[in-house]
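Visitor: I am new to this structure and would like to be led through a few of its helices. Could you take me through it step by step?

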Amino acid sequence: MHASISEMKNQICWASKEIYQRGLFNIGEGNISLRVNNRDEMIITPSGNNYLNPLPENLVHVTFEGKIITEGQKPSTEYYLHRFFYEQRTRVNCIIHTHSTYASILAVQHRSLPIIFEEMLVFLGGGVSCSEYAATGTEELGVNALEAMGSQNAVILANHGLLIVGRNIEHCVFGSQLVEKMAKIYVKSVAMGKINEIPKGNVSRLLERFNQEFSTS
Ligand SMILES: [Zn+2]
């Protein structure tokens, strides 16, 4: 059974607080959206969302063509990026975009996050690649991000931040936290010297669960 629009808005408010409280958003940056029940519509946080006290009435219900369905505030400027992923990956039902600190360090370094913990295989489908740089609001940003994401559920946007996609909002909230933690461990491990990735022989067994429960490609 599909969730109602008001249930979906409440889910986005829950995710906003959850991610803000974990320090992955500053006020005014990042965004969260949900696809509306297999339709060419989404509900998205407004430009400059107040994550500390998100209000359902401030969220924007908008068609992929940009027609506003219910009055809210101005949709996030990264609405085009969300739309691109919903159109290209039909199993994606939620998108979270953050500028979280450690993922953004990798974004500035144009570095990808290798597979350092098994959780990355199970929940994200592998490592997290960094895309080629493209300016915010351009179609190129989406094209580069999708290409770098491959069959995984996360991508680092060069000089920008992180994009997580998922089958539902719980997957995306968890994925946002997981990538930031993995990026922190990776950045600090690299500073200490050599890092060790998960042995390749163990990868396929862990990817089975990803394909069954979390994959969106
Ligand atoms: Zn951004």
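**Helices and a loop**

Guide: In this predicted model, the buried residues of helix H7 are Val203, Leu206, Phe210 and Phe214.

Visitor: How wide an arc do the buried residues of H7 cover around the axis?

Guide: An α-helix has 3.6 residues a turn, so residues three or four places apart point the same way. Val203, Leu206, Phe210 and Phe214 are the buried residues of H7, and they lie on the same side of that helix because the arc they cover around its axis is only 80°.

Visitor: Which residues are exposed on the other side of H7, and which helices do its buried residues pack against?

Guide: The exposed residues on that other side are Ser204, Arg205, Glu208 and Gln212. The buried residues of H7, for their part, pack against helix H4 (118–124) and helix H6 (169–192).

Visitor: Is the crossing of H3 and H6 left-handed or right-handed?

Guide: The axes of helix H3 (residues 101–109) and H6 come within 7 Å and cross at roughly 60°, which means that H3 is oblique to H6. Among the residues making the contact are Tyr102 and Leu106 of H3 and Ala183 and Val187 of H6. As for its hand, the crossing of H3 and H6 is left-handed.

Visitor: Does Pro199 count as buried or exposed?

Guide: Pro199 is found in the loop between H6 and H7, and its C-alpha atom is separated by 36 Å from that of Arg35, 164 residues apart along the chain. Because the relative accessibility of Pro199 is 52% and the cut-off is over 50%, Pro199 counts as exposed.

Note on methods
Residues numbered from 1 in each chain as written. Predicted model: local features only at pLDDT ≥ 70, side-chain atom pairs only at ≥ 80, totals over all residues. Heavy atoms only, no water. Buried < 20%, exposed > 50% of the residue type's maximum accessible area, 1.4 Å probe, protein only. Helix = DSSP H or I, 4+ residues; strand = E, 2+ residues; numbered from the N terminus. Arc of directions from axis to C-beta. Contact = heavy atoms within 4.5 Å. Axes fitted to C-alpha atoms, helices over the stretch in contact; angles between N-to-C directions. Parallel < 35°, antiparallel > 145°, perpendicular 65-115°, else oblique. Left-handed = near helix turned anticlockwise from the far one by under 90°.
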